[in-house]
Protein chains: 2
Amino acid sequence: MSTANRIKGVLSPVVTPFKADYSPDTARFVAHCEWLMSQNCGLAVFGTNSEANSLAAEERMSLLDAVVAAGVDTSRMMPGTGCCSITETVKITSHAVKHGCAGVLMLPPFYYKGVSEEGLYRHYSEVIQRVGDDRLRIYLYHIPPVAVVGITPPLVERLLKAYPTAIAGMKDSSGDWNNTKTFLDAFAKSGFDVFVGSESFLLANMKNGGVGTISATANVNPAAIHKLYTEWKNADADAQQQRLNLVRDTVGKKYVMISALKQTIAIYAGDPAWGKVRPPLVELTAEQSKSLAAELKEIGFTMPGLARTAATV
Amino acid sequence: MSTANRIKGVLSPVVTPFKADYSPDTARFVAHCEWLMSQNCGLAVFGTNSEANSLAAEERMSLLDAVVAAGVDTSRMMPGTGCCSITETVKITSHAVKHGCAGVLMLPPFYYKGVSEEGLYRHYSEVIQRVGDDRLRIYLYHIPPVAVVGITPPLVERLLKAYPTAIAGMKDSSGDWNNTKTFLDAFAKSGFDVFVGSESFLLANMKNGGVGTISATANVNPAAIHKLYTEWKNADADAQQQRLNLVRDTVGKKYVMISALKQTIAIYAGDPAWGKVRPPLVELTAEQSKSLAAELKEIGFTMPGLARTAATV
C-alpha cells in the first residue's frame, strides 16, 4: 500500500488559548494555527499539550469547525480524537474525517487500567467499523506517563493485519528511545508511520525509518524543528539536534510544560492572555514567568513572525 | 450544619447492562436498580464498576432519565459525574441535581497526572460555582489504583472551608484502611461523610465514624452488606464481615471484578445477556464463567428475588 500521501514531518499539539472565563478563545486559536502553518508545522490539534482532555467533545468540534472555516489546510491536520468511550471517540473522529483531516491521533481508552490487549483491540476495532469511512487514518497514541494505558507491539500487529489502511502509524511519547526503536524495527517497513513525541528523538527517528515528530515544543520552536526534519542528513544535524534540545529543556524541564508553552507565547507575542490554562493545570507564577523570560532570552530564543500574527487578534 | 438528611448506608455502583451492539440496555438497567432498592441498597449509578467511563455524557443522562421516569427514589441516588473536563462535569452534575439526586460521586479530572492541589481545588471550585445549586452534595471520589489522580487531606480541608455545604463527603477506594482512617480522624466530626469503597472495610468504617460503603459487590450481595451496616454493633458483626469478605473474594479475586459481577447476575438471573461488557473490558470466558458458578455454589451464595425481577425484563 502506498503511504506517499500520508501526513509527515513536524506537527504541533496546538495549545488551546482560553478566555478569562475558561472558554476556548477561538480567535487566538485560529491565529496560532495559522502561524504554525506558516512555519511548515502541521496541526495535531487536541493533543495532550492542547489540554484537549480538559475540553468537552463539543468544544473540540467547535474549535475544529472554526479552524476549517478559516481556510486552514486540513491535509496538514491530525486532531486528537481518543476518548474513554467508544461513543465519543466515534463522534469526534467522524467529525474530523468529514472535514478531510489527514489523520487522527487516537489515545486508547485511558480510565480503566490493566486492561487486556484483546479489550484494546476490540475498542479500536469497534471505532474503525463505526466510523466506516475509507479516508480514516489512525495514529495510535502511546503516552504511558499520562494515559498509563499504552500501545504494545502485539496490539499494533493485530490492528495492522485487520485494518491495514485505517491504521497508519503512531505517536510514541514514552520518552524511551528503545521503545520507539522496537516499533520502528517491527512495523516501519510495512508502512506504519512512527512519529516521536519529542523532537529530542527526531534525528534518531529519521535515521531509523521514522517520519517526523509531534512535539509540544513545536508550538514555540516550529521552524528550527522543521529545519532538522528536512536536513537530518546534513553535516550539522547533530548540532541542530543539540540546539533543539536546549530550547526544549529551557521551556519544559523546570516548569509544567503546557503552562510554560503558553507563557512563552504570552511573552513573545506580548499578549499576557495567552498564559491562561484550564484546571487542573495552573499558570506559571509571576516569578516563574520572569525566570522563563530571562532563560529564553539568555539562549537567544526568538519566535519569528509571532508578534505580528498575535497583534491581528 | 446538620447532616441528618444526607444519603448513608450501602450503595451499589450499579453495573450497566449492554445490548449486543454495546448500546445501554435501559430495561435491564432499570430492573436491576429496582431490585437493588428492594434490598435496601442505594444507587451509585455511573461509578467505576458501572463502566461509566466507557459511556458518553449523553448516555449517562439518558439512563438517569429512564431510572427517574421509572419512579426510583432519587433520595437514594448518588450518580457518578466526574469527567476530565469542567464543562462535561458541570453538565451531568447539574442534570443529576435537577433530578433531585441525594448526591453526586465526583472523580477528580483524571487525564493529566501529577497535577497540583491548587489545580484540583480550582477544578472542584469552578464546578461548584457553575452548578450554582444549593442542593448540590459532592462526594469526592478517591480511587488511585484507577484514576491515579487522587484526593488528599489538604484538598478536602480547603474545599470544606470554602464550600461546607456542597462538600458532603468522600468515597475512599484506595484499598488502604490507614488512608480511610486518616480522613475519618481529620474530617468525620465536622460532618464529612466517609464511605469505604469496599465492604471489606465496612465494620472498621462504622466503628470509626464512617457512614457506609459504596461497593462493587453490593451489585450481587446487597442484603447481607446492608445487614452488617445495620447490625455492626451486634455480637456476630465479625462473623458477618468474614462472610461478606468470602463472597467478595469469590467474585473479585480471581476475575476482573466488573466482568465477574455481570456474569454473576447472568448466572443467578438465568440471563446470559447480562454478561456483556464494553471494550476495553472483556467478558469472562466460558470456562471462567463455569468456574465462577461452581465457586459461588460452593459457598452457598444466593441472590434472593433477582430471578423474579430479571424475568420481568
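Select M78(B) first, in what is a predicted model, and display its surroundings: leaving aside residues up to four places away in sequence, M78(B) touches I7(B), L11(B), G42(B), A44(B), C101(B), A102(B), G103(B), V104(B), L105(B) and Y139(B). Widen the selection to the largest nonpolar core, which has 200 residues, and M78(B) appears again among those with the most contacts inside it, together with I138(B), Y139(B), M78(A), I138(A) and Y139(A).

Next, colour the strands of chain B. Seven of them form an open sheet in the order β2-β1-β7-β6-β5-β4-β3, and the pairing is parallel. At the edges stand β2 (42–43) and β3 (104–106) of chain B, each with a single partner strand, so one side of each is left without a neighbour in the sheet.

Now restrict the view to strand β6 of chain B, residues 193–196, and show its side chains. D193(B) and F195(B) point one way from this strand while V194(B) and V196(B) point the other way, and all are buried. As background to that pattern, side chains in a regular strand alternate between the two faces of the sheet.

Which strands does β6(B) pair with? Add strand β5 (residues 167–172) of chain B, which runs parallel to β6(B) and is joined to it by four bridges; G169(B), for example, has D193(B) as its bridge partner in β6(B). Then add strand β7 (residues 212–214) of chain B, which pairs with β6(B) in the parallel sense over two bridges. Here F195(B) has G212(B) as its bridge partner in β7(B), and V196(B) stands opposite T213(B) in β7(B).

With the three strands on screen, bring in the helices that connect them. β5(B), helix α7 (residues 177–187) of chain B and β6(B) make a right-handed β-α-β unit. From β6(B) the chain crosses through helix α8 (residues 202–207) of chain B to β7(B), and this β-α-β crossover is right-handed.

Move on to helix α9 (residues 222–231), looking at chain B and then at chain A. T230(B) lies in α9 of chain B. Is T230(B) buried or exposed? T230(B) counts as exposed because it has 12 C-beta neighbours inside 10 Å. A distance label from T230(B) to K161(B), C-alpha to C-alpha, should read 31 Å, for a pair that is 69 residues apart in sequence. In α9 of chain A, by contrast, select P222(A), A224(A), I225(A), H226(A), L228(A) and Y229(A), which are buried. What covers the buried residues of α9(A) includes β1 (9–12), α1 (26–38), α8 (202–207), β7 (212–214) and α10 (237–252) of chain A.

Finally, display both chains and select the contact between them, which takes 32 residues from chain A and 31 residues from chain B. On the side of chain A that touches chain B, α3 (86–98), α4 (117–131) and α5 (144–147) each supply at least two residues, and the largest share, six residues, comes from α4(A). By class, that side of chain A has 18 nonpolar, seven polar and seven charged residues.

How are the two chains related? Chain A superposes on chain B by a rotation of 180° with 0.0 Å of shift along its axis, at an RMSD of 0.0 Å. The two copies are thus related as by a two-fold rotation axis. To find where chain A comes closest to this axis, select Y111(A), whose C-alpha is at 4.0 Å. Of the interface residues of chain A, 97% are also interface residues in chain B, so the copies meet through the same surface.

Methods:
Residues numbered from 1 in each chain as written. Chains lettered and ligands numbered in written order. Predicted model: local features only at pLDDT ≥ 70, side-chain atom pairs only at ≥ 80, totals over all residues. Contact = placed C-beta atoms within 7 Å. Nonpolar A, V, L, I, M, F, W, Y, C, P; charged D, E, K, R; others polar. Least-squares fit on C-alpha atoms with pLDDT ≥ 70 in both. Core = buried A, V, L, I, M, F, W, Y, C linked by C-beta atoms within 7 Å. Buried ≥ 20, exposed ≤ 12 C-beta atoms within 10 Å, placed from the backbone. Pairing = 2+ DSSP bridges. Right-handed = clockwise from strand over helix to strand, strands pointing away.
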